[in-house]
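Some labels used for protein structures rest on a value and a cut-off. The turns below take a few such labels and ask what stands behind them.

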Amino acid sequence: MIRLHLKETEFFILPVLHGRLEFAQAVHHLLRTLRPDAVAVEYPSVLEELLRRAVRRLPRLSVISYAERDGTQVYLLVEPVEPLIEALRWAEEEKIPSFCVDLDLEGYPEKNEAFPDPYLVYRLGYERYVREALQVEYPETPQDRQREMAMAYRLKKLAGRFSRVAVVVGLAHARRVARWLKEDPPCPLARTTPRKAGLFHLPLDSAREVLSEPGFFQGRYERARREGRLPLDRLSLQEELLLQAEEAFCREFRESLTPRQKRIFRQFARNQALISGALTPDLYQLILAARGAAGDDLAWHLWEVGTRYPFEPETPDLVPLSLRLEDLSRSGRRIRFLKRMKPLHLRRRLMPLKRRPERRPGEFRQSWKGEYVCSFPPEDIVIENFGREVTRRALRVLSEELTRVEPFTVALKDGPDLRETIRHWHEGRLYVKESPVVSGRAGSVVVIFEEDEGPREEYPWKLTWHGEHEEESDMAFYATPPGEVVIGPGISRCVYGGFMLTYPPMRVYDVWSDPYFDFARGKAERLLLAGIDYSLERYVVYVARRPPSALAKTFAARQGKKLIYLPLGSFSPQVLRRIRVFHVLEGHHVRAYAHEFIQPDPHRR
């Protein structure tokens with residue numbers, strides 16, 4: 001902060017970096033501490049009235065738009081974490097005069113000077129950060145000189161009228177403005193009539209893309225400002241963002257991040273920040289870290305939660321104006337998520353290239369009725385192939401269990417066993433193995449991801465489906481309810497808690513209402529008992545975290561059948577997740593366009 005005395009007026013010059021959370025918090029704190037009689041900001045005076053109207057709309061987002069003489073359209077965002085807007089807002093709330101003292105220049109280029117990481121403002125304090133940053137001489141152009149002289153001239157006109165004036169300007173201009181205040185700057189030749197500018201509402205889809213700080217941070221700042229809980233720690237906000245993204249990820253896929261994945265996420269994000277010369281990662285780097293730690297789906301939820309601005313009105317009081325990064329002459333970085341519908345174009349923040357087809361958030365979910373549902377055929381093929389692969393693996397395991405190894409006497413049988421031969425090398429004998437062929441096939445496959453035995457039912461939807469043709473099996477399952485996660489018109493994403501497949505199709509009565517299985521002690525055991533009962537073959541394959549219960553084994557033995565247990569952990573987590581997540585369509589007609597919303601997994605076969 002720079003202090004100057006002119007004509008019994010004390011000027012407090014507050015240097016800031018535009019659009020940064022830490023500087024908005026610092027300005028809010030300093031203004032409450034200094035209690036000035038007037039506030040001046042680095043905005044063109046011809047936009048003063050529109051800026052006041054936009055500030056009164058906060059926390060709703062606004063855009064001021066006007067055209068220059070050459071036809072170039074200029075847009076000015078009004079957002080909570082902009083330090084200049086915070087100064088005008090504080091003055092409006094305290095009923096004190098505020099002034100816009102900058103010069104209205106056309107064709108002024110956007111410059112990106114190098115400054116220390118703004119997070120230091122929170123860690124070291126505003127005064128120490130500014131004192132160190134002001135020791136650097138920043139480059140000055142003729143247009144900068146014009147603006148700084150004009151600001152000093154208009155500030156000197158306030159001298160004598162107020163005893164204490166707070167001036168909020170860009171950090172690169174602060175020291176030169178203070179220098180001109182000590183001299184006698186000439187009257188600037190500038191536009192004095194208001195521009196033909198318009199005030200518009202910034203809709204959510206544009207806010208996700210063009211805001212200076214992510215919408216999640218801006219929403220947290222707004223709430224903390226109302227409740228008197230400033231300042232906020234950026235690292236704590238990032239942890240809160242990860243927690244909310246994980247909750248959304250868990251609601252959709254019923255998976256939680258492991259401690260190892262969280263550790264990878266934090267280390268990945270930290271390393272990216274250090275490589276880029278920053279102390280904290282930006283949202284783009286957080287997205288990459290989430291994708292590296294847990295895949296595209298967590299990264300998508302992190303983007304969705306991170307860019308969502310919570311104070312978007314249902315019916316704005318102004319005409320909405322949609323903006324892109326290109327409208328603000330800002331460059332971007334691109335990232336594409338193969339498993340999501342929407343590719344993203346990224347800079348320090350993320351933006352969707354393809355617009356979400358919802359006219360308003362939640363429209364798909366509100367239109368979901370769920371009166372008649374069917375499956376998505378490509379996923380039926382995947383689940384059937386998985387069932388056949390599980391059957392082959394189970395019979396192979398059973399064959400290995402029956403394999404016998406013995407010393408060679410008169411016949412090689414099924415060939416030498418090198419492992420046993422080497423192990424008994426000192427005996428000087430050859431060992432051979434005998435692998436009997438397992439007769440029979442598996443008639444049912446039961447896969448249990450979660451037994452869902454707690455007091456809170458995580459997978460309440462219980463259904464029995466019949467195969468639509470000879471290549472499909474009958475299926476009974478329990479899963480998350482349809483309509484909870486709706487990704488398109490008539491398309492709901494669900495997660496299996498467990499399922500049972502049995503061949504051939506068109507034989508199974510409703511497993512969940514059949515009183516024959518009422519002695520089962522849970523949904524998982526009920527599926528297993530049904531799989532045993534409906535199996536026309538001797539073997540039934542059971543895939544779960546825990547072995548089958550004694551009750552199920554006894555039930556199978558009485559029917560002359562055998563359970564083959566495969567631990568769930570013996571399958572790849574990626575494979576299990578591709579099988580576990582499925583989609584429900586609201587009628588066969590939805591199959592005609594469902595592929596537009598359900599991206600095929602390139603790893604599925």
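Q: How does helix H10 pass H13 in this predicted model, in a right-handed or a left-handed crossing?
A: The crossing of H10 with H13 is right-handed.

Q: Why are H10 and H13 called oblique to each other?
A: Helix H10 (residues 234-253) packs against helix H13 (residues 296-306) at about 125 degrees, and their axes lie 8 Å apart. Roughly perpendicular covers 65 to 115 degrees and roughly antiparallel needs over 145. The angle of about 125 degrees fits neither range, so the pair is oblique.

Q: Which residues of H10 and H13 meet?
A: On the H10 side they include Leu241, Leu242, Ala245, Phe249 and Phe253. Among their counterparts in H13 are Leu298, His301, Leu302 and Val305. Sorted by class, this contact has nine nonpolar, three polar and three charged residues.

Q: What makes S5 and S8 the edges of their sheet?
A: The sheet is open, with three strands in the order S5-S4-S8 and antiparallel pairing. Strand S5 (73-78) and strand S8 (198-201) each have a single partner strand, so each has one side without a neighbour in the sheet. On average, neighbouring strands here are turned by 30 degrees against each other, direction ignored.

Q: How do you know that S4 and S8 pair?
A: Pairing needs at least two bridges. Strand S4 (residues 62-67) and S8 are joined by four, and they run antiparallel. In one of these bridges, Ser62 has His201 in S8 as its partner.

Q: Which helix packs on this sheet?
A: Helix H2 (residues 48-57) does, touching S4, S5 and S8. The direction of H2 makes about 20 degrees with that of S8.

Note on methods: Residues numbered from 1 in each chain as written. Predicted model: local features only at pLDDT ≥ 70, side-chain atom pairs only at ≥ 80, totals over all residues. Heavy atoms only, no water. Axes fitted to C-alpha atoms, helices over the stretch in contact; angles between N-to-C directions. Helix = DSSP H or I, 4+ residues; strand = E, 2+ residues; numbered from the N terminus. Parallel < 35°, antiparallel > 145°, perpendicular 65-115°, else oblique. Left-handed = near helix turned anticlockwise from the far one by under 90°. Contact = heavy atoms within 4.5 Å. Nonpolar A, V, L, I, M, F, W, Y, C, P; charged D, E, K, R; others polar.
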